[in-house]
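Open the model in your viewer and keep the sequence panel beside it. This tour goes stop by stop, telling you what to select and what you will find there.

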Amino acid sequence: MSPVARKHSLVAVGAGRCTVKLVDVRSGSASHQLKGHKASVLSVQWSSRHEFLLASGGLDKKVILWDVRKSKGELMMLDQHRDRQAGSSRCDKTAHNHTINSIHFTPDGLHLVTYGTDHQLHLWDTSFGDLLPVNYGVVENTVKKALQMEVVADCSPALLFVPSNSTIRLYDLFKGEQLTTLSGHYYNVNCCVSHPDSQFLFSGGKDHNLLVWTPHVERDQQDGASSSPKTPAGSAAVTADAWSSDEET
């Protein structure tokens, strides 16, 4: 799992263990450890809103929010059943029904997306820990290692890119509607990330390929008609920009 750097020079590393280590990149020494998970941590990410807020998820089905300034560290444990079982113990709190192998803060830090091998995506309010009523349907996820999702929020609708076996599924982040499926990899997709200054999306997979995806809009110039999306082969028509791999051109 790749550590995530912050401007305070700390990186958070799960390294497949039950603890999260905070390492000073300048000295290489571990400042302290965050203990709370009961099984290996697979995914960690710093908040994009609060410099000292960190989220982690792993094999124990739990997602923990940490404030690294505090000696205890643990700030909140997300609970998918909180509204249905009042008074649940700390041990009963789970964010998913199986392994959590991907978590991702939205760019404004107000929400957290979590992804598990229970084939579910969950969207959380990070201020109160509420699970929001967004239904993404069943999302195939059979990879029991860390995956990297991507959220692009500077467009309408806000977009969520999710590795799903050998494809990438594109969702409307806040409605849960699947917009299209990006197909191009031959084996499992491990990660996807967008370029901050362009509309490029990069994805890497077990097939050892790195693909570059771009939105492609074909404008209909006849009679002043508005632009309509060009749909990649094998995907359904969408209401947002369609995406295609540069390998197709």
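## Start in a loop

Select His119, which sits in the loop between strand 10 and strand 11. Check its backbone: phi is near 65°, a positive value in a residue other than glycine. His119 counts as partly exposed because its relative accessibility is 22%.

Keep in mind that this is a predicted model.

## The whole chain

Zoom out. Colour by secondary structure and you get 21 strands and zero helices. The chain has 249 residues, and buried ones make up 48% of them. Now think about contacts between residues at least 6 apart in sequence: 42% of these join residues at least 24 apart.

Next, colour by pLDDT. The mean for the chain is 82, and 77% of the residues reach 70 or more. Select residues 1-5, where the pLDDT is below 50; this stretch still has 19 contacts in the model beyond near neighbours in sequence. Then select residues 218-241. Here too pLDDT stays under 50, and the model has 33 contacts beyond four places in sequence for this segment. Where pLDDT is low, the predicted coordinates should not be read in detail.

## The largest nonpolar core

Which residues touch the most other members of the largest nonpolar core? Select Val113, Leu121, Tyr136, Leu160, Val162 and Leu173; the core has 16 residues in total. Now show strand 10 (111-116), strand 11 (120-125) and strand 14 (159-164), the elements that give two or more residues to this core. In soluble globular proteins, nonpolar side chains tend to be buried together.

Centre on Val113. Leave aside its neighbours within four places in sequence. Its contacts then include Leu121, Leu160 and Leu173. Ser102, Ile103 and His104 are also among them, as are Met149 and Val151.

## Trp124

Move to Trp124 in strand 11. Is this residue buried or exposed? Trp124 is buried, because its relative accessible area is 0% and the cut-off for buried is under 20%.

Show what surrounds Trp124. Beyond four places in sequence, its contacts include Leu78, Asp79 and Gln80. Leu110, His111 and Leu112 are among them as well, and so are Gly129, Asp130, Leu131 and Leu132. Draw a distance to Gln80: the two residues are 44 apart in sequence, yet 9.4 Å apart in space, C-alpha to C-alpha. Then draw one to Thr114, whose side chain makes a polar contact of 3.0 Å with the side chain of Trp124.

## Two aromatic pairs

The structure holds two aromatic pairs. Select Tyr136 and Tyr171. Their ring centres are 5.6 Å apart and their planes stand at 90°, so this pair is edge-to-face. The pair links distant parts of the chain, 35 residues apart. Tyr136 is in the loop between strand 12 (130-131) and strand 13 (150-152), and Tyr171 is in strand 15 (residues 167-172). Both tyrosines are buried.

Now select Phe200 and Phe202. They too form an edge-to-face pair, with 6.4 Å centre to centre and 90° between the planes. Phe200 counts as partly exposed at 36% relative accessibility. Phe202 counts as partly exposed at 25%.

## A buried glutamine

Go to Gln45 in strand 5 (residues 41-46). Gln45 is buried, with a relative accessible area of 17%. What lies 2.6 Å from a polar atom of its side chain? Show the backbone nitrogen of Phe105 and you have found the partner.

## Cysteines

Select the cysteines. The structure holds zero disulfides. Cys192 is in none, and the nearest cysteine sulfur, that of Cys191, is 7.2 Å away. Cys192 is buried, with a relative accessible area of 1%. Cys155 is partly exposed at 33%.

## Two last backbone stops

Select Ser156 and Pro157. The peptide bond from Ser156 to Pro157 is cis, with omega near 0°. Pro157 lies in the loop between strand 13 and strand 14.

Finish at Asn165, in the loop between strand 14 and strand 15. Its phi is near 55°, a positive value in a residue other than glycine. At 23% relative accessibility, Asn165 counts as partly exposed.

Notes. Residues are numbered from 1 along each chain as its sequence is written. This is a predicted model: local features need pLDDT of at least 70, side-chain atom pairs count only at pLDDT 80 or more; totals for chains, interfaces and linings use all residues. Side-chain values use heavy atoms; hydrogens and water are left out. A nonpolar core is a set of buried Ala, Val, Leu, Ile, Met, Phe, Trp, Tyr and Cys residues joined through side-chain atoms within 4.5 Å. Buried means under 20% relative accessible area, exposed over 50%, partly exposed in between (1.4 Å probe, protein chains only). Helices (H or I, at least four residues) and strands (E, at least two) are DSSP runs, numbered from the N terminus. Contact means heavy atoms within 4.5 Å. A polar contact is a pair of N or O atoms within 3.5 Å; within protein, one must be able to donate a hydrogen and the other to accept it, and residues adjacent in sequence count only if both atoms are side-chain atoms. pLDDT is the predictor's confidence in each residue, from 0 to 100. A disulfide is a pair of cysteine sulfur atoms within 2.5 Å. Rings of Phe, Tyr and Trp (its six-membered ring) pair if their centres lie within 6.5 Å; planes under 30 degrees apart count as stacked, over 60 as edge-to-face and the rest as tilted.
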